[in-house]
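Trainee: Could you take me through one residue of this model closely, and then through the side-chain pairs around it? I would like one connected account.

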Amino acid sequence: MTLWILFCRMSKEADILFTFYARDYEHAEQKAEELLQEHPYERLELKAYPSGFRMVFTDLPGTIEEDIR
């Protein structure tokens with residue numbers, strides 16, 4: 001699964017990032033919609049990060065194996 005980041009505007013002063021893994025674009029859109037139902041912020045962008053993402057001193061891998069149960 002690939003790392004995706006949903007960028008949202010919380011207020012005039014602050015934005016928020018939601019990170020999650022999804023199988024493909026459609027799965028990422030579904031997860032983004034679920035997040036926006038729970039957190040009614042203004043959606044700015046949904047972007048895939050297959051090479052990973054570094055935030056402060058935390059590395060998020062770009063892909064993971066899906067847990068199939």
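**A buried glutamate and its surroundings**

Mentor: Glutamate 29 is buried, with a relative accessible area of 18%, which puts it under the 20% cut-off for that class. The model is a predicted one. Glutamate 29 belongs to helix α1, which covers residues 25–38.

Begin with the polar partners of this side chain. The side chain of glutamate 29 makes a polar contact of 2.7 Å with the side chain of tyrosine 25. A further polar contact, at 2.8 Å, runs from the side chain of glutamate 29 to that of arginine 43. Once the neighbours within four places in sequence are set aside, the residues in contact with glutamate 29 are Arg43 and Leu46.

The pairing with arginine 43 also counts as a salt bridge between the two side chains, at 2.8 Å from N to O. Because glutamate 29 lies in helix α1 and arginine 43 in strand β3, this pair ties together parts that are 14 residues apart in sequence. Arginine 43 itself is partly exposed, at 30% relative accessibility.

Arginine 43 has another acidic partner. It forms a salt bridge with glutamate 33, and the closest N and O atoms are 3.5 Å apart. This pair links distant parts of the chain, with arginine 43 in strand β3 and glutamate 33 in helix α1, ten residues apart. Glutamate 33 is partly exposed, with a relative accessible area of 38%. Through shared partners, the salt bridges join Glu29, Glu33 and Arg43 into one network.

In total the structure holds three salt bridges. One of them lies between the side chains of aspartate 15 and arginine 9, at 2.8 Å from N to O. Aspartate 15 is partly exposed at 45% relative accessibility, and arginine 9 is partly exposed at 32%.

Those two residues lead to the strands. Strand β1 (residues 2–9) pairs with strand β2 (residues 15–22) in the antiparallel sense, over eight bridges. The connection from β1 to β2 is a hairpin of five residues. Within this pairing, leucine 6 has phenylalanine 18 in β2 as its bridge partner.

Now return to tyrosine 25, the polar partner of glutamate 29, by way of the aromatic rings. The count of aromatic pairs is three. Tryptophan 4 and tyrosine 25 form a tilted pair, with 6.1 Å centre to centre and 55 degrees between the planes. Tryptophan 4 lies in strand β1 and tyrosine 25 in helix α1, so the pair ties together parts that are 21 residues apart in sequence. Tryptophan 4 is buried, with a relative accessible area of 8%, whereas tyrosine 25 is partly exposed at 45%.

Another of the aromatic pairs is formed by phenylalanine 18 and tyrosine 41, which are stacked, with 6.3 Å centre to centre and 25 degrees between the planes. That pair also links distant parts of the chain: phenylalanine 18 is in strand β2 and tyrosine 41 in the loop between α1 and β3 (42–48), 23 residues apart. Phenylalanine 18 counts as buried at 12% relative accessibility, and tyrosine 41 as partly exposed at 28%.

To return to the starting point, the side chain of glutamate 29 has polar contacts with tyrosine 25 and arginine 43. Tyrosine 25 is in turn paired with tryptophan 4, and arginine 43 with glutamate 33.

Conventions: Residues are numbered from 1 along each chain as its sequence is written. This is a predicted model: local features need pLDDT of at least 70, side-chain atom pairs count only at pLDDT 80 or more; totals for chains, interfaces and linings use all residues. Side-chain values use heavy atoms; hydrogens and water are left out. Helices (H or I, at least four residues) and strands (E, at least two) are DSSP runs, numbered from the N terminus. Buried means under 20% relative accessible area, exposed over 50%, partly exposed in between (1.4 Å probe, protein chains only). A polar contact is a pair of N or O atoms within 3.5 Å; within protein, one must be able to donate a hydrogen and the other to accept it, and residues adjacent in sequence count only if both atoms are side-chain atoms. Contact means heavy atoms within 4.5 Å. Two strands pair if DSSP finds at least two bridges between them. Rings of Phe, Tyr and Trp (its six-membered ring) pair if their centres lie within 6.5 Å; planes under 30 degrees apart count as stacked, over 60 as edge-to-face and the rest as tilted. A salt bridge is a side-chain nitrogen of Lys or Arg within 4 Å of a carboxyl oxygen of Asp or Glu.
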